[in-house]
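Open the model in your viewer and keep the sequence panel beside it. This tour goes stop by stop: what to select, then what is there.

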Amino acid sequence: MASFLDFEKPVAELTARIAELRTTADHGAIDIAAEIARIEAKADRLLRETYAKLTPWQKTQVARHPDRPHFKHYAAGLFDEFMPLAGDRAFADDQAILGGFARLGGRRVVVIGHEKGDDTASRLRHNFGMGKPEGYRKAIRLMRLADRFGLPVVTLVDTSGAFPGVQAEERGQAEAIARATEQCLALKVPMVAAIVGEGGSGGAIALAAANRVLMFEHAVYSVISPEGCASILWRTAERAPDAAEAMRVTAQDLKALGVIDAIVPEPLGGAQRDPTAAIAGLRAAITGALDGLAGLGPEALCRDRRAKFLAMGRL
């Protein structure tokens, strides 16, 4: 059964009622199919109404939903023949950032992305998607391989931010993020980034300084988490909803600001309700973006990327 967020409680109650009625129908002689159909229609209508007017904070909650697809799901459903590569050739293999060679349709690509994990053990193993310096240095290594072999780069961004621990700082976290961002901008091959969940801080931009930035309809992308912003501005994380509103973290706001290039629709109720459909939609969007960049040469791709980011913030 699907997990429901707090603001989805009315839908959850109707869904529970439908489950009860189905159990009754399976064990009784009374035909209640019409009643089930009526409540299903009501639940669907309520879900549509709810998701048509989500606040930025509610979208943040959807973006963080534990049932949303993760990197491993995209690697299996979005790409063909995914071959992971490990390690930064300097310190370790960071499991928060994964990547390797793959095929997208008939096109060979290098794919890199954050992996949060989907249960307690895997979340700890993947450090909740918070990359360490060795993770970003692994991403740099993969991007350089893409350049060497002339392969487009596809990145899947889903992180609350880079890991802020003391050991990460000792190993040069800021430098690694800066170098990864620099490598994105210097690529001589097409690069498409997709914000599929959370796009948090420098940990996100290090994999998202791309020619084309796509974003799922209910994903969020910001310089700091709403809780972090609220803690700085108002000295309390309880005002995170206000911070999310002020920071304009939604795909719709960021498209209007020119920070992203396209919004990828999600199934009704978010990608977590129908991961297969969500992945299919993202596949089409990424393929279309790569097709649009196919005619650009190395220098043109660099100019395109540079112009894109220099234009941000202009009045």
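Helices here are DSSP runs of H or I, at least four residues, numbered from the N terminus. The model is a predicted one.

**Stop 1: helix α2.** Select residues 33–51, which form helix α2, and pick out glutamate 49 within α2. Is glutamate 49 buried, partly exposed or exposed? Its relative accessible area is 44%, so glutamate 49 counts as partly exposed. Now add arginine 305 and draw a C-alpha to C-alpha distance from glutamate 49. The viewer should give 38 Å, for a pair 256 residues apart in sequence.

**Stop 2: the nonpolar core.** Go next to the largest nonpolar core, a set of 63 residues. Select Phe79, Ile112, Tyr136, Leu156, Leu282 and Ile286, the members with the most contacts inside the core. In general, nonpolar side chains of soluble globular proteins tend to be buried together.

Centre on isoleucine 112 and show what surrounds it. Sequence neighbours up to four places away aside, isoleucine 112 touches Phe71, then Ile97, Leu98 and Gly99. Ala139, Leu142 and Met143 also touch isoleucine 112. So do the run Val153, Val154, Thr155 and Leu156, and finally Leu207.

**Stop 3: helices α10 and α11.** Select residues 226–233 for α10 and 240–247 for α11. Two packed helices are described by the angle between their axes and the distance between the axes. For α10 and α11, the angle is about 100 degrees and the axes are 8 Å apart. The pair is therefore roughly perpendicular. Show side chains at the contact: Pro226, Glu227, Cys229 and Ala230 come from α10, while Ala240, Ala243, Ala244 and Met247 come from α11. Colour this contact by class and you get seven nonpolar residues, one charged and no polar.

**Stop 4: helix α13.** Move to residues 275–293, helix α13, and select glycine 288. Glycine 288 is partly exposed, because its relative accessibility is 40%. Add lysine 188, which is 100 residues away along the chain. The two C-alpha atoms are 19 Å apart.

**Stop 5: helix α14.** Finish at residues 298–310, helix α14, with lysine 308 selected. Why does lysine 308 count as buried? Its relative accessibility is 11%, and the cut-off for buried is under 20%. Which side chain joins that of lysine 308 in a polar contact of 2.6 Å? Select aspartate 261 to see the partner. Beyond four places in sequence, lysine 308 also contacts Ala210, Asn211, Val213 and Val259.

Methods: Residues numbered from 1 in each chain as written. Predicted model: local features only at pLDDT ≥ 70, side-chain atom pairs only at ≥ 80, totals over all residues. Heavy atoms only, no water. Core = buried A, V, L, I, M, F, W, Y, C linked by side-chain atoms within 4.5 Å. Buried < 20%, exposed > 50% of the residue type's maximum accessible area, 1.4 Å probe, protein only. Contact = heavy atoms within 4.5 Å. Helix = DSSP H or I, 4+ residues; strand = E, 2+ residues; numbered from the N terminus. Polar contact = N/O pair within 3.5 Å; in protein donor to acceptor, adjacent residues only side chain to side chain. Axes fitted to C-alpha atoms, helices over the stretch in contact; angles between N-to-C directions. Parallel < 35°, antiparallel > 145°, perpendicular 65-115°, else oblique. Nonpolar A, V, L, I, M, F, W, Y, C, P; charged D, E, K, R; others polar.
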